[in-house]
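Colleague: I should be grateful for a close look at one part of this model, its largest pocket, set against the rest of the chain. Please give the cut-offs behind each term as you go.

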Amino acid sequence: MPRITREDKARNRQNIVEAAGRMFRSQGFDAVGIAELMKEAGLTHGGFYNHFASKDELAAEACGASFEASLGVLDQTLGEGVAPAGPPLRRVVDDYLSVTHRDAPDGGCPSASLVTDAGRHSDTVQNAYAAGVEGYLAGFAGEFAREREGEISPEEARDRAMLLLSRLVGAMALARAVRDVQPELSGEILRTCRAHALD
(Lines give C-alpha, C1' and ligand atoms only; values in the text may rest on other atoms or scores of the structure.)
Protein backbone atom coordinates (compact mmCIF):
# COMPACT_ATOMS: atom_id res chain seq x y z
CA MET A 1 0.00 0.00 0.00
CA PRO A 2 1.28 3.50 -0.75
CA ARG A 3 2.35 5.57 2.23
CA ILE A 4 0.31 8.61 3.19
CA THR A 5 2.26 11.84 3.04
CA ARG A 6 2.22 14.41 5.84
CA GLU A 7 0.15 16.67 3.60
CA ASP A 8 -2.38 13.87 3.03
CA LYS A 9 -2.57 13.19 6.76
CA ALA A 10 -3.08 16.88 7.55
CA ARG A 11 -5.75 17.15 4.84
CA ASN A 12 -7.52 14.02 6.17
CA ARG A 13 -7.47 15.44 9.71
CA GLN A 14 -8.90 18.73 8.44
CA ASN A 15 -11.65 16.84 6.58
CA ILE A 16 -12.54 15.00 9.79
CA VAL A 17 -12.65 18.22 11.82
CA GLU A 18 -14.82 19.97 9.22
CA ALA A 19 -17.21 17.03 8.92
CA ALA A 20 -17.42 16.78 12.71
CA GLY A 21 -18.10 20.51 13.01
CA ARG A 22 -21.04 20.26 10.61
CA MET A 23 -22.44 17.06 12.10
CA PHE A 24 -22.00 18.04 15.75
CA ARG A 25 -23.71 21.40 15.15
CA SER A 26 -26.67 19.83 13.36
CA GLN A 27 -27.09 16.63 15.41
CA GLY A 28 -25.23 17.09 18.69
CA PHE A 29 -22.07 15.38 19.92
CA ASP A 30 -23.71 12.19 21.18
CA ALA A 31 -25.88 11.56 18.12
CA VAL A 32 -22.88 11.31 15.79
CA GLY A 33 -21.03 8.01 15.63
CA ILE A 34 -17.42 7.68 14.56
CA ALA A 35 -18.30 5.44 11.61
CA GLU A 36 -20.80 7.88 10.09
CA LEU A 37 -18.51 10.82 10.82
CA MET A 38 -15.59 9.18 9.01
CA LYS A 39 -17.85 8.29 6.10
CA GLU A 40 -18.91 11.95 5.89
CA ALA A 41 -15.21 12.90 5.85
CA GLY A 42 -14.62 10.43 3.00
CA LEU A 43 -12.44 8.13 5.11
CA THR A 44 -12.66 4.68 6.67
CA HIS A 45 -13.74 4.11 10.25
CA GLY A 46 -10.43 2.53 11.22
CA GLY A 47 -8.45 5.64 10.40
CA PHE A 48 -10.05 7.74 13.14
CA TYR A 49 -7.54 6.80 15.84
CA ASN A 50 -4.63 7.74 13.60
CA HIS A 51 -5.77 11.33 14.09
CA PHE A 52 -7.53 11.52 17.49
CA ALA A 53 -7.16 9.71 20.78
CA SER A 54 -10.90 9.96 21.45
CA LYS A 55 -14.15 11.38 20.17
CA ASP A 56 -13.93 13.92 22.98
CA GLU A 57 -10.63 15.23 21.63
CA LEU A 58 -12.25 15.62 18.21
CA ALA A 59 -15.30 17.32 19.74
CA ALA A 60 -13.10 19.94 21.41
CA GLU A 61 -11.10 20.58 18.23
CA ALA A 62 -14.22 20.75 16.06
CA CYS A 63 -15.88 23.13 18.53
CA GLY A 64 -12.82 25.37 18.49
CA ALA A 65 -12.56 25.30 14.70
CA SER A 66 -16.26 26.10 14.32
CA PHE A 67 -15.92 29.10 16.62
CA GLU A 68 -12.78 30.21 14.79
CA ALA A 69 -14.68 30.30 11.50
CA SER A 70 -17.69 32.03 13.05
CA LEU A 71 -15.51 34.62 14.81
CA GLY A 72 -13.73 35.26 11.52
CA VAL A 73 -17.06 36.29 9.99
CA LEU A 74 -17.78 38.48 13.02
CA ASP A 75 -14.37 40.18 12.75
CA GLN A 76 -14.93 40.83 9.06
CA THR A 77 -18.37 42.35 9.67
CA LEU A 78 -17.10 44.56 12.50
CA GLY A 79 -14.09 45.58 10.44
CA GLU A 80 -16.28 46.78 7.56
CA GLY A 81 -17.80 49.49 9.73
CA VAL A 82 -21.04 51.16 8.75
CA ALA A 83 -22.44 49.84 5.47
CA PRO A 84 -25.65 50.40 3.49
CA ALA A 85 -27.29 47.63 5.53
CA GLY A 86 -26.50 49.51 8.75
CA PRO A 87 -23.91 49.64 11.52
CA PRO A 88 -21.92 46.45 12.23
CA LEU A 89 -23.85 45.21 15.27
CA ARG A 90 -27.17 45.76 13.51
CA ARG A 91 -25.94 43.61 10.61
CA VAL A 92 -24.67 40.95 13.02
CA VAL A 93 -28.08 40.78 14.72
CA ASP A 94 -29.97 40.67 11.42
CA ASP A 95 -27.77 37.88 10.04
CA TYR A 96 -27.69 35.88 13.28
CA LEU A 97 -31.44 35.99 13.84
CA SER A 98 -32.31 35.21 10.23
CA VAL A 99 -34.37 32.32 8.92
CA THR A 100 -31.33 31.29 6.87
CA HIS A 101 -29.20 30.88 10.01
CA ARG A 102 -32.03 29.15 11.87
CA ASP A 103 -32.44 26.60 9.09
CA ALA A 104 -28.73 25.81 8.70
CA PRO A 105 -27.40 24.81 12.12
CA ASP A 106 -24.67 22.67 10.53
CA GLY A 107 -23.00 25.78 9.14
CA GLY A 108 -24.10 28.36 11.65
CA CYS A 109 -22.64 29.74 14.82
CA PRO A 110 -21.70 27.02 17.32
CA SER A 111 -22.71 29.19 20.28
CA ALA A 112 -26.37 28.41 19.53
CA SER A 113 -25.92 24.97 17.96
CA LEU A 114 -23.85 23.53 20.80
CA VAL A 115 -25.25 25.53 23.72
CA THR A 116 -26.76 22.55 25.55
CA ASP A 117 -24.30 19.91 24.34
CA ALA A 118 -21.16 21.69 25.52
CA GLY A 119 -22.28 21.74 29.14
CA ARG A 120 -22.80 17.97 29.14
CA HIS A 121 -19.28 17.15 28.00
CA SER A 122 -15.73 17.19 29.26
CA ASP A 123 -13.80 20.18 30.52
CA THR A 124 -11.87 20.11 27.25
CA VAL A 125 -15.05 20.63 25.22
CA GLN A 126 -16.38 23.19 27.69
CA ASN A 127 -13.09 25.11 27.53
CA ALA A 128 -13.26 25.21 23.72
CA TYR A 129 -16.84 26.47 23.94
CA ALA A 130 -15.96 29.04 26.62
CA ALA A 131 -13.09 30.36 24.49
CA GLY A 132 -15.54 30.87 21.63
CA VAL A 133 -17.98 32.68 23.90
CA GLU A 134 -15.17 34.92 25.12
CA GLY A 135 -14.31 35.66 21.49
CA TYR A 136 -17.85 36.85 20.84
CA LEU A 137 -17.90 38.90 24.04
CA ALA A 138 -14.62 40.59 23.14
CA GLY A 139 -15.82 41.40 19.62
CA PHE A 140 -19.17 42.76 20.78
CA ALA A 141 -17.68 44.71 23.70
CA GLY A 142 -15.07 46.23 21.42
CA GLU A 143 -17.73 47.38 19.00
CA PHE A 144 -19.97 48.78 21.75
CA ALA A 145 -16.97 50.71 23.11
CA ARG A 146 -16.11 52.01 19.62
CA GLU A 147 -19.70 53.04 18.87
CA ARG A 148 -20.05 54.83 22.22
CA GLU A 149 -16.48 56.01 22.68
CA GLY A 150 -16.13 57.99 25.89
CA GLU A 151 -19.72 57.25 26.91
CA ILE A 152 -19.38 53.80 28.47
CA SER A 153 -16.73 52.04 30.52
CA PRO A 154 -15.11 48.74 29.47
CA GLU A 155 -17.25 47.02 32.12
CA GLU A 156 -20.45 48.48 30.67
CA ALA A 157 -19.36 47.46 27.17
CA ARG A 158 -18.80 43.88 28.38
CA ASP A 159 -22.19 43.88 30.13
CA ARG A 160 -23.86 44.96 26.89
CA ALA A 161 -21.92 42.29 25.01
CA MET A 162 -23.07 39.64 27.49
CA LEU A 163 -26.70 40.70 27.07
CA LEU A 164 -26.45 40.74 23.29
CA LEU A 165 -24.85 37.31 23.02
CA SER A 166 -27.37 35.84 25.47
CA ARG A 167 -30.25 37.32 23.49
CA LEU A 168 -28.90 36.01 20.18
CA VAL A 169 -28.15 32.49 21.42
CA GLY A 170 -31.35 32.19 23.43
CA ALA A 171 -33.54 33.44 20.60
CA MET A 172 -31.91 31.11 18.08
CA ALA A 173 -32.17 28.11 20.41
CA LEU A 174 -35.88 28.80 20.98
CA ALA A 175 -36.60 29.46 17.31
CA ARG A 176 -34.97 26.19 16.30
CA ALA A 177 -36.71 24.24 19.07
CA VAL A 178 -40.21 25.11 17.79
CA ARG A 179 -39.50 25.56 14.06
CA ASP A 180 -40.99 22.26 12.86
CA VAL A 181 -44.15 22.23 14.98
CA GLN A 182 -44.91 25.96 15.20
CA PRO A 183 -43.12 27.78 12.38
CA GLU A 184 -45.14 30.94 13.03
CA LEU A 185 -43.91 31.08 16.62
CA SER A 186 -40.36 30.43 15.46
CA GLY A 187 -40.57 33.33 13.04
CA GLU A 188 -42.11 35.56 15.68
CA ILE A 189 -39.22 34.83 18.06
CA LEU A 190 -36.71 35.79 15.38
CA ARG A 191 -38.56 38.96 14.35
CA THR A 192 -39.13 40.20 17.89
CA CYS A 193 -35.59 39.54 19.05
CA ARG A 194 -34.12 41.04 15.88
CA ALA A 195 -36.08 44.22 16.58
CA HIS A 196 -35.06 44.46 20.26
CA ALA A 197 -31.67 42.68 20.60
CA LEU A 198 -29.79 45.97 20.71
CA ASP A 199 -32.21 47.77 23.08
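Modeller: The account below begins with the whole chain, turns to the pocket, and then follows the surrounding parts.

The model is predicted, and accordingly local features need pLDDT of at least 70 and side-chain atom pairs count only at pLDDT 80 or more, whereas totals for chains, interfaces and linings use all residues. Residues are numbered from 1 along each chain as its sequence is written, and side-chain values use heavy atoms, with hydrogens and water left out.

The protein chain contains ten helices and zero strands; helices (H or I, at least four residues) and strands (E, at least two) are DSSP runs, numbered from the N terminus. Along the principal axes, the C-alpha atoms fill a box of roughly 65 × 40 × 35 Å. Of the 199 residues, 41% count as buried, that is, under 20% relative accessible area, with exposed meaning over 50% and partly exposed in between (1.4 Å probe, protein chains only).

The largest pocket has a volume of about 490 Å³. A pocket here is an open set of points on a 1 Å grid over the protein atoms alone, where a 1.4 Å probe fits, with protein on both sides within 12 Å along at least five of seven lines; lining residues have an atom within 4 Å of a point. Grid points are joined across faces, edges and corners, and the volume is the space filled by probe spheres set on the points. The lining of the largest pocket comprises 24 residues, and Ser70, Val73, Gly107, Cys109 and Tyr136 lie nearest the centre. Two or more lining residues come from each of α1 (6–27), α3 (55–80), α4 (88–96) and α5 (99–102). Helix α3 provides the largest share, eight residues. By class, the lining holds eleven nonpolar, nine polar and four charged residues; Ala, Val, Leu, Ile, Met, Phe, Trp, Tyr, Cys and Pro count as nonpolar, Asp, Glu, Lys and Arg as charged, and the others, Gly among them, as polar.

Helix α3 also carries Thr77, which is buried at a relative accessible area of 13%. Beyond its neighbours within four places in sequence, Thr77 is in contact (heavy atoms within 4.5 Å) with Pro88, Arg91 and Val92. Val92 is also among the residues touched by Phe140, as are Leu74, Leu89, Ala161, Leu164, Leu165 and Leu168, when residues up to four places away in sequence are not counted.

Phe140 in turn belongs to the largest nonpolar core, which has 53 residues; Phe24, Leu37, Leu58 and Phe140 have the most contacts inside this core. Such a core is a set of buried Ala, Val, Leu, Ile, Met, Phe, Trp, Tyr and Cys residues joined through side-chain atoms within 4.5 Å. Among the helices supplying at least two residues of this core are α1, α3, α4 and α8 (123–147).

The second largest pocket has a volume of about 270 Å³. Its lining numbers 15 residues, with Arg25, Pro105, Ala112, Ser113 and Arg176 nearest the centre. Here α1 gives the most, four residues, and the classes are six nonpolar, five polar and four charged.

Finally, an unreviewed UniProt entry lists "domain: HTH tetR-type" at residues 10–70, a span that is 67% helix and 0% strand. The unreviewed entry also places a "DNA-binding region" at residues 33–52, where the chain is 35% helix and the end C-alpha atoms are 14 Å apart. UniProt positions follow the numbering used here, feature names are shortened, and annotations may be inferred rather than shown by experiment.
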